[in-house]
Amino acid sequence: MFALVYGRKMIKEASLGKIEALARSAYERLSDTYYSAIHPTSRVFDFIISRYLREHGPLIKARKFYLEVGCGKTKLVKMCKSHKSNLILVDISRRMLLHSNRYFSQPFVQGLTASAFRLPIATSSIAGVYSFLGDAFSTAEYFKEVFRVMEHGGVFLHIVPNYFWATTLRKSLGNPIDVTTFINKNQKIVAPSFVLSSSCLKAMLLEIGFSKAAVEDLVLSRDFPREELPEHILIPSQELKLDPYELPILTAVDANK
């Protein structure tokens, strides 16, 4: 579907519009069940991300603007302790965005249905951009948009599936490398999922103009019950001959403009 060149996604065979349409369609269909137990791998992601944010929670400053892209059920609002900050929540799927609906009555929170590739945000206006599971748009096109909307000194946190975990699993299942597949109500739903090696992610961000970029692999802590490990964690664990609790599952990218 998409072209993979030397470990970096080069969007050639599919236009941005087609990627957006695939993501919108997939997450509209998934919206009712995405946060339920029928997607156990997503629950593992949530567990890892929640722990990471408890240990590395972003500093949200008063009177600044912050953006969460692909927000679904927002994590940014829950981390914000000050009602004097301005939070903008963006998702390409209106139904996914509605998971955060209860916050939109608050004067400091705004929700927008929009593409990560075409953010309706003024240039150099955002102090921090966050995507807590941003593989559906993890491309140079998105990173350029992030760089555009961020103010000088702004922070960018981007969490995505780990390249080795994702590619090992997808090859084992016989799936394309650049999509993820959900089974939802006995239907197969395919969504874009771009994964890059840590070195490629860092090089891409620095090439775009970010002043620094740090990449950290995230593993599952041992307080997650072993008997609840889903098949999609166990398969790459066995393929790579790694204990499931030593397997890099997600990657966190922390960058500054």
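Q: In what order do the seven strands of the open sheet run?
A: This is a predicted model, and its seven-strand open sheet has mixed pairing. Strands E5 (109-113) and E10 (212-218) each have a single partner strand, so they stand at the edges, with one side of each left without a neighbour in the sheet. Direction ignored, neighbouring strands are turned by 15 degrees against each other on average. Reading across, the order is E5-E4-E3-E6-E7-E11-E10.

Q: How many residues of strand E6 are buried?
A: E6 covers residues 126-131 and is mostly covered. It pairs with strand E3 (residues 65-69) in the parallel sense over three bridges, and five bridges join it to E7, again parallel. As for burial in E6, the count is six of its six residues.

Q: Which residue in E6 is the bridge partner of Leu67?
A: Leu67 falls in the stretch 65-69, which is strand E3. E3 and E6 pair in the parallel sense. In E6, the partner of Leu67 is Val129.

Q: Which residue in E4 is the bridge partner of Val69?
A: Strand E4 spans residues 86-91, and five bridges join it to E3 in a parallel run. In E4, Val69 finds its bridge partner in Val90.

Q: What handedness does the β-α-β unit of E6, H5 and E7 have?
A: E6 and strand E7 (residues 150-161) run parallel, joined by five bridges; one of the partner pairs is Ser131 with His158 in E7. Helix H5 (residues 140-149) is the helix of the unit, and it lies across E3, E6 and E7, at about 150 degrees to E7. The unit is right-handed.

Q: Which strands does helix H7 touch?
A: H7 takes in residues 198-208 and packs on the sheet. Its direction makes about 160 degrees with that of E10. The strands touched are E7, E10 and E11 (250-256).

Q: Why does H6 count as roughly perpendicular to H8?
A: Helices H6 (residues 163-173) and H8 (residues 231-239) pack with their axes 9 Å apart. Angles of 65 to 115 degrees count as roughly perpendicular. H6 therefore qualifies as roughly perpendicular to H8, the angle being about 95 degrees.

Q: How many nonpolar residues are in the contact of H6 with H8?
A: On the H6 side sit Trp165, Thr168, Leu169, Ser172 and Leu173, while H8 brings His232, Ile233, Ile235, Pro236 and Glu239. By class, three are polar and one is charged, and the nonpolar count is six.

Q: Which residues of H8 are buried?
A: The cover over the buried residues of H8 includes helix H2 (40-56) and H6. The buried ones are Ile233, Ile235, Pro236 and Ser237.

Technical notes:
Residues numbered from 1 in each chain as written. Predicted model: local features only at pLDDT ≥ 70, side-chain atom pairs only at ≥ 80, totals over all residues. Heavy atoms only, no water. Axes fitted to C-alpha atoms, helices over the stretch in contact; angles between N-to-C directions. Helix = DSSP H or I, 4+ residues; strand = E, 2+ residues; numbered from the N terminus. Parallel < 35°, antiparallel > 145°, perpendicular 65-115°, else oblique. Contact = heavy atoms within 4.5 Å. Nonpolar A, V, L, I, M, F, W, Y, C, P; charged D, E, K, R; others polar. Buried < 20%, exposed > 50% of the residue type's maximum accessible area, 1.4 Å probe, protein only. Pairing = 2+ DSSP bridges. Right-handed = clockwise from strand over helix to strand, strands pointing away.
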